[in-house]
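Reader: I am new to protein structures. Could you take one part of this one and go through it closely with me? Please keep the sentences short.

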Amino acid sequence: MGTPMQSPPIDEVVISFHFAPLAIDGVLVGQYLATRADSFLKHQTKDPIFDEEVEIPVDVEPRRYWLVSADEIWVLQLQFDRLTVNWRKRKEHAYPGFDGPQGVATRAVEELTSFTVFLQQREIDVEVRKVVVAKLNIVWLGSASPRTELAQCIPAVAEIAQSAKNGPPILHAQWELPTSLGTQMIAVSSVKHATLERAGARVEFRITSDLGEDRHKRLTELGAALTETFERTVRMQEG
């Protein structure tokens, strides 16, 4: 295996806690926001994200509420079946890491703890995603021998990124790897966005699992599993 990356090129981290449908409406969001008003100053309403296997009870409001920090680095998303914490890269702010007092996992557990009073003892599953945007001037190389099945996705990254130069349609591919912790997945999509210098590919490393009793420990395990997959699968060098 190559030398671990000291400064991983992470563009976004998403930690999403999933639970049985809950009647989340403007009143409940207001009650929760009252406890977090110092952290999230901007509010938006979005269309919900639907999972095919989830049935929405008739008394549940199908909306997704965005709570955004003043610096727009942190986004808290609330909808009827999930609470999602996003860290988003901004030029003036370095990646805080996944663990540690200021890490994304620590912040996510804090937000979930604040929201637990509304969950009424529901069981919680979790999905962790680490996102990298690979621009076309980045050379993606397979990691040290032997190559794993997961590494076979690497040639597709450059091809999908190249396709983004021409705009729609969006190309998407994904690979799945069952593990002892949960199911890992790599998803690659073409992306062309005004904030990017050029077209490229959005690469998501995901893992899903039950949350367990020790929330921070489980998130730490999942984050470490994604980092290991990233480092053994991908090396990035400026081309």
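Author: Start with the crossing of two helices. H1 passes H2 in a right-handed crossing. This is a predicted model. Leu 28, Tyr 32 and Arg 36 make the contact on the H1 side. On the H2 side, the contact is made by Arg 107, Glu 111, Ser 114 and Phe 115. Sort these residues by class. Three are nonpolar, one is polar and three are charged.

Now the geometry. H1 covers residues 26-36, and H2 covers residues 104-115. The two helices pack at an angle of about 130°. Their axes are 10 Å apart. Is H1 parallel or oblique to H2? An angle from 115 to 145 degrees falls outside the parallel, antiparallel and perpendicular ranges, so it counts as oblique. H1 is therefore oblique to H2.

Next, step back along the chain from H1. Strand S1 spans residues 12-18, and a loop lies between S1 and H1. Ala 20 sits in that loop. Is Ala 20 buried or exposed? Its relative accessible area is 41%. Buried means under 20%, and exposed means over 50%. Ala 20 is partly exposed, because its 41% lies between those cut-offs.

Which residues does Ala 20 touch, once its neighbours within four places in sequence are left aside? Ala 20 is in contact with Phe 80 and Arg 122. Asp 81 also deserves a look. Ala 20 and Asp 81 are 61 residues apart in sequence. In space, their C-alpha atoms are 5.7 Å apart.

Another loop offers a second case. Strand S3 runs over 64-68 and strand S4 over 74-79, and Glu 72 is in the loop between them. Phi of Glu 72 is near 65°. That is a positive value, in a residue other than glycine. Glu 72 has a relative accessible area of 32%. Glu 72 is partly exposed, because 32% also falls between the two cut-offs.

Last, place these parts in the whole protein. The secondary structure comes to four helices and 11 strands. The protein has 239 residues, and 46% of them are buried. Now take the contacts with a separation of 6 or more. Residues 24 or more positions apart account for 68% of these. Finally, the surface. The protein exposes about 12700 Å². Carbon and sulfur atoms supply 51% of that area.

How values were computed: Residues numbered from 1 in each chain as written. Predicted model: local features only at pLDDT ≥ 70, side-chain atom pairs only at ≥ 80, totals over all residues. Heavy atoms only, no water. Axes fitted to C-alpha atoms, helices over the stretch in contact; angles between N-to-C directions. Parallel < 35°, antiparallel > 145°, perpendicular 65-115°, else oblique. Left-handed = near helix turned anticlockwise from the far one by under 90°. Contact = heavy atoms within 4.5 Å. Nonpolar A, V, L, I, M, F, W, Y, C, P; charged D, E, K, R; others polar. Buried < 20%, exposed > 50% of the residue type's maximum accessible area, 1.4 Å probe, protein only. Areas by Shrake-Rupley, 256 points an atom, 1.4 Å probe, with all protein chains shown as cover.
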